[in-house]
Amino acid sequence: MTSMQNIFWQVGHPLLKTKAIQKSCQKYLSSSQVSVALRPFYFAVHPDLFQQHPQERDTNEDSLKQLNGYIETLMHSKPVRPAKVKFFLRKQQSADQQFRAVSISLAQRDIRGAVQSILSSCALSTQYVDNLVTKNVSSKHKISVKDEKWDANLWEDTFRTVENTPPREETLSDWVKRYSKDAQERSKACQPIRDEISRLQEELCKKLHLKDLVWACGWGTSHFRGCLQSFQSLVTHHPEEMEILAGKTVIFGSESGVSLQGHVVLNSGEVRHNWLDVIRNLLHYEIPLKRVPALEKALSRSICEIKVAQRLFRPELLAEAYESHLRMLTTSMGDYRARHQFPNEWPENMSNFHLVVEGEAGPLMLSPSGQFITPSSCPISLLVSFITANLGEARSRLDHYVADVRQEKALISECMQTFGLLSLDKDDNVTPSECSQCCRQLLKQIDYLRPVLQNGRIRITHYYSLLSDGEMCIPWNAK
């Protein structure tokens with residue numbers, strides 16, 4: 001980036017920023033975005049859904065391996081060889097035929113086009129991918145302090161099996177009363193599945209001496225059971241390879257590898273063969289984890305001892321990718337410090353502030369909890385200017401965060417007891433203050449809601465939804 005371009009970035013020149021973002025967003029998707037976009041596809045073709053149909057199961061397993069390799073190649077910007085794969089798709093509402101055959105062409109040379117092609121071939125919505133570009137280009141070219149927001153209309157179509165979405169003007173009490181009976185019926189029908197999940201978790205943890213076996217994926221209860229059954233089968237056929245998991249936590253998530261906490265993460269959308277590869281190469285995946293502390297310390301020293309942390313509202317971060325992000329930003333910071341000094345407005349010691357380093361396509365922003373979040377590719381001059389402009393706001397948000405968390409826990413406990421709920425959870429991107437606001441709104445309507453929420457399950461999100469297992473999703477800012 002030239003000096004003139006750098007000036008344009010700092011002052012928010014719209015033409016330069018829009019062109020740059022268009023160029024990066026037209027073809028590039030992060031691994032998490034690809035995973036989210038393809039969830040409906042994986043849910044329709046996963047081999048574990050075809051246990052009673054060996055031929056279709058084997059076809060999908062072989063095709064899924066080839067498709068995953070194709071996606072991996074595109075994610076690393078390497079040339080691909082065009083090919084065609086065949087899948088059998090599960091049909092949700094069909095009494096006479098349980099699946100249909102679909103041929104998918106693997107000929108796209110960019111990841112965004114590939115994801116759109118895969119979804120379109122299966123008659124699945126591409127709205128999530130389409131809106132990523134529109135949203136980024138039209139409204140996010142200007143860098144400023146902003147909270148993380150959730151696009152309800154976008155995610156309702158791709159993230160979960162969403163049903164019975166109400167009009168936006170409908171109130172919380174009206175929606176809960178309308179769907180509470182249906183939620184109870186679904187919850188009761190799903191109880192055998194939950195019981196089987198608990199049994200499988202207990203058996204696998206005991207057999208493998210695991211610390212825990214966790215579900216950290218947006219898919220439903222039935223898919224969690226399917227993953228546990230597949231994992232149990234893997235353990236049965238490869239007992240020796242599983243010994244390395246003793247004393248560890250295994251997480252079913254959206255990626256595969258080892259997290260910064262040392263947990264083994266297995267992609268719930270992949271086949272057992274891929275899980276086995278991760279477990280067999282676990283020692284290799286753990287190597288970056290050992291280097292991370294030194295890299296964080298080096299980056300911290302180069303920025304006045306600022307605390308290098310992880311984002312508070314996000315899934316587990318894989319160590320291998322995080323190591324690469326740290327190296328990139330640390331190198332850029334070293335080059336900057338060789339020629340420049342930090343502004344006089346900065347305190348000599350920045351240990352009371354938090355810096356989060358994310359992928360090249362990540363945002364430059366101040367999180368609701370007061371953390372500075374930066375992409376690893378961000379120009380250092382821009383990062384320094386952003387930190388300087390938002391030191392006061394960051395300090396204020398950090399001070400309030402501890403109190404917000406304490407208040408959130410108290411209000412969740414009060415709601416659980418008051419309404420007799422079986423569970424009250426929230427999505428990762430719902431902040432403590434937002435969760436507290438929703439709990440207060442529920443408690444204001446005790447007399448009206450208590451009879452219909454008894455033994456219910458609630459998840460605080462950014463949208464209304466009644467899930468297939470009876471869990472009621474309500475927006476944190478519901479009226």
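This is a short selection-by-selection tour of a predicted model.

**Stop 1: the small open sheet**

Select strands S3, S4, S5 and S6. These 4 strands form an open sheet in the order S3-S4-S6-S5, with mixed pairing. Which strands stand at the edges? They are S3 (212-215) and S5 (257-258). Each has a single partner strand, so one side of each is left without a neighbour in the sheet.

Now keep S4 (residues 249-253) and S6 (residues 264-267). They pair in the parallel sense over 4 bridges. Show Ile-251 as sticks, and find Val-265 of S6 opposite. Then add helix H11 (residues 272-280). H11 packs on the sheet and touches S4, S5 and S6. The direction of H11 makes about 160° with that of S6.

**Stop 2: Leu-204**

Go to helix H9 and pick Leu-204. Is Leu-204 buried or exposed? Its relative accessible area is 2%, so Leu-204 counts as buried. Colour its contacts beyond four places in sequence: His-209, Leu-210, Leu-213, Leu-228, Phe-231, Gln-232 and Val-235. Draw a distance from Leu-204 to Val-235. They are 31 residues apart along the chain, yet their C-alpha atoms are separated by 8.5 Å.

**Stop 3: Ser-302**

Select helix H12 (residues 282-302) and look at Ser-302. Why is Ser-302 classed as buried? Because its relative accessible area is 17%, and the cut-off for buried is under 20%. A polar atom of the Ser-302 side chain lies 2.7 Å from the backbone oxygen of Leu-299. Farther off in sequence than four places, Ser-302 touches Met-333, Arg-337 and Phe-342.

**Stop 4: two nonpolar cores**

Next, pick Trp-346 and Phe-372. Of the 34 residues in the largest nonpolar core, these two touch the most other members. Which elements each supply at least two residues of this core? Colour H12, helix H13 (319-337), strand S8 (354-358), helix H14 (380-389) and H15.

Stay on Trp-346. Leaving out residues up to four places away in sequence, Trp-346 touches Ile-303, Cys-304, Val-384, Ile-387, Thr-388 and Leu-391. Then move to the second core, which is separate and has 33 residues. Leu-29, Leu-74, Val-85 and Phe-87 are among its members. In soluble globular proteins, nonpolar side chains tend to be buried together.

**Stop 5: strand S12**

Select S12 (457-461). All 5 of its 5 residues are buried, so S12 is largely enclosed by the rest of the structure. Turn on side chains. Arg-457, Arg-459 and Thr-461 point one way, while Ile-458 and Ile-460 point the other way.

Add the strands that S12 pairs with. S11 and S12 run parallel, joined by 4 bridges. S12 and S14 also run parallel, again joined by 4 bridges. Ile-458 is a good anchor here. It is the bridge partner of Leu-424, and it stands opposite Met-472 in S14.

**Stop 6: helix H16**

Finish on H16 (residues 432-443). This helix has 12 residues and reaches 16 Å from first C-alpha to last, close to the 16 Å expected at 1.5 Å a residue. Which residues of H16 are buried? Select Pro-432, Glu-434, Cys-435, Ser-436, Cys-438, Cys-439, Leu-442 and Leu-443.

Now show what these buried residues pack against. The helices are H9 (172-208), H15 (391-419) and H17 (446-453). The strands are S11 (423-426), S12 (457-461) and S14 (472-475).

Definitions and conventions:
Residues are numbered from 1 along each chain as its sequence is written. This is a predicted model: local features need pLDDT of at least 70, side-chain atom pairs count only at pLDDT 80 or more; totals for chains, interfaces and linings use all residues. Side-chain values use heavy atoms; hydrogens and water are left out. The expected span of a helix is 1.5 Å times one less than its number of residues. Buried means under 20% relative accessible area, exposed over 50%, partly exposed in between (1.4 Å probe, protein chains only). Contact means heavy atoms within 4.5 Å. Two strands pair if DSSP finds at least two bridges between them. Axes are lines fitted to C-alpha atoms, for helices over the stretch in contact, and angles run from 0 to 180 degrees between N-to-C directions. A polar contact is a pair of N or O atoms within 3.5 Å; within protein, one must be able to donate a hydrogen and the other to accept it, and residues adjacent in sequence count only if both atoms are side-chain atoms. A nonpolar core is a set of buried Ala, Val, Leu, Ile, Met, Phe, Trp, Tyr and Cys residues joined through side-chain atoms within 4.5 Å.
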